[in-house]
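Hi everyone, thanks for coming. I'd like to walk you through one model today, so let's put it on the screen.

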Amino acid sequence: MLAKLSLQQKFRKGPLPIYGKIRFPDNPPFPYFFLSMSAKILDGNALARSLRADYKSRAALLSAQGVKPGLAVVLVGENPASQVYVRNKVNACLEAGFHSEKILYPADVAPRVVFERIAALNADPAIHGILVQLPLPPQFDSGAVLEAIAPEKDVDGFHAENVGALVQGQPRFIPCTPYGIMKFLESAGVDPDGKEAVVIGRSNIVGKPMALLLTAANATVTVCHSRTPDLAAHTRRADILVAAIGKARFVTADMVKPGATVIDVGMNRLPDGKLCGDVDFDAVREIAGAITPVPGGVGPMTITMLLANTLEAAERAAEQ
Ligand SMILES: NC(=O)c1ccc[n+]([C@@H]2O[C@H](COP(=O)([O-])OP(=O)(O)OC[C@H]3O[C@@H](n4cnc5c(N)ncnc54)[C@H](OP(=O)(O)O)[C@@H]3O)[C@@H](O)[C@H]2O)c1
């Protein structure tokens, strides 16, 4: 069972070459920038499809034993982006044969009402995972809401108890976005062991847990943020570069080591309405070894790992 493994056991695979026989110096001089070596595009939709097929069959097995994995998603207010995320999460659950409940409240709902509902979901045996969509309206203390979710149903992995377990290397739930990125690396044959990894961003939901997971997988990890001087000096050392910034096309080709694996977490809306990542995809793909696109990269994997966490929660409940 995934949950019983330590982080090292979970993500440490056999040695796998990243760049084949091509070797580059650690600090590439400028001319390497001109080497064109179009990157392998890491297809998040394809990987998500294959993982979801596996989760669907595991859910069917579990349902046959009388335990149908169940996820409750709580949405407060009418934030259009949140509505899309919630719809996608609920649909993904239904497609995988899970039970799913969407619980909607108006933006001005009293926090007490939501806390009472979370308490009821905590006690509901049909629900194995509870997710409260963030951000919440100003009358809410988001931290208190996340702490109100029973840790064994906290499939986002944001409860302090689950964050602590992750820090200690014995996770109960791994936050979905970094979990999906580790799956990406695994499926692309990129073993972090002994590699230089640079994470841009230190948020609780992406940057920090990402750094923990890469460290557990034996990468040497540097976390960069808005106060990091000479960011490019760090990113150019990275064999694995994760960009979780929230700034469109921020990572340019001259910031990337030739052959690096570049994971783009960013989801930025351009003035023309199109989605784009934190990485200048067209330029960086010419120098990276592998790269995730936006859309179609990390996004579908995030929802897929929500299914994985809900399924794991249900499997654990079935064992009790
Ligand atoms: N695809 C998905 O499933 C998924 C999931 C989650 C998030 N996202 C996207 O990923 C992006 C990041 O999300 P988040 O929640 O982690 O964002 P966040 O909480 O806003 O964190 C952004 C991080 O980027 C750092 N940063 C900002 N400007 C920088 C700069 N100029 N140089 C270096 N670092 C800089 C910030 O540094 P400071 O800490 O110093 O402020 C912060 O740590 C967003 O576009 C979000 O929409 C996508």
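Let me start at a small spot: right after helix 8 comes N218, and its phi is positive, near 75°. Before going further, please keep in mind that this is a predicted model.

Let's stay with the helix that leads into that residue. Helix 8 spans residues 207–216 and is mostly covered, with 9 of its 10 residues buried. Here is the roll call of the buried ones: G207, K208, P209, M210, A211, L212, L213, L214 and A216. As a reminder for anyone reading along the helix, an α-helix has 3.6 residues a turn, so residues three or four places apart point the same way.

What does helix 8 lie across? It packs over strand 5, strand 6 and strand 7, and it runs at about 170° to strand 6.

Those strands bring us to a sheet. Six strands make an open sheet here, in the order 1-11-8-7-5-6, and the pairing is parallel. At the edges you find strand 1, residues 40–41, and strand 6, residues 220–224, each of which pairs on one side only. Further in, strand 5, residues 196–200, runs parallel to strand 7, residues 240–243, and 4 bridges join the two. If you want a place to look, V198 sits opposite L241 of strand 7.

Now, let's move over to the other sheet I wanted to show you. This one is an open sheet of 3 strands, ordered 3-2-4, again with parallel pairing. Strand 3 and strand 4 are the edge strands, and each has a single partner strand, so one side of each has no neighbour in the sheet. On average, neighbouring strands of this sheet are turned by 15° against each other, ignoring direction.

The middle strand deserves a closer look. How many residues of strand 2 are buried? The count is 7 of the 7, residues 70–76, so strand 2 is largely enclosed by the rest of the structure. Both of its faces are covered: G70, A72, V74 and V76 are buried on one side, and L71, V73 and L75 on the other.

On to its partners. Strand 2 runs parallel to strand 3, residues 99–105, and 7 bridges join them. Along that pairing, V74 stands opposite I103, and V76 has Y105 as its bridge partner. With strand 4, residues 129–132, strand 2 pairs over 4 bridges, also in the parallel sense. There, V73 is matched with L131.

And which helices lie across strand 2? One is helix 3, which lies across strand 2 and strand 3 and runs at about 170° to strand 2. Helix 3, residues 80–95, also belongs to a right-handed β-α-β unit together with strand 2 and strand 3. Another is helix 4, residues 111–123, which lies across strand 2, strand 3 and strand 4, at about 180° to strand 2.

Last stop, the ligand. It has 25 residues around it, and the closest are G201, S203, S226, G246 and T302. Which helix gives the most to this shell? That is helix 11, residues 298–319, with 3 residues. By character, the shell divides into 10 nonpolar, 12 polar and 3 charged residues.

That's my tour. Thanks for listening, and I'm happy to take questions.

How values were computed:
Residues numbered from 1 in each chain as written. Predicted model: local features only at pLDDT ≥ 70, side-chain atom pairs only at ≥ 80, totals over all residues. Buried ≥ 20, exposed ≤ 12 C-beta atoms within 10 Å, placed from the backbone. Pairing = 2+ DSSP bridges. Right-handed = clockwise from strand over helix to strand, strands pointing away. Axes fitted to C-alpha atoms, helices over the stretch in contact; angles between N-to-C directions. Contact = placed C-beta atoms within 7 Å. Near = placed C-beta within 6 Å. Nonpolar A, V, L, I, M, F, W, Y, C, P; charged D, E, K, R; others polar.
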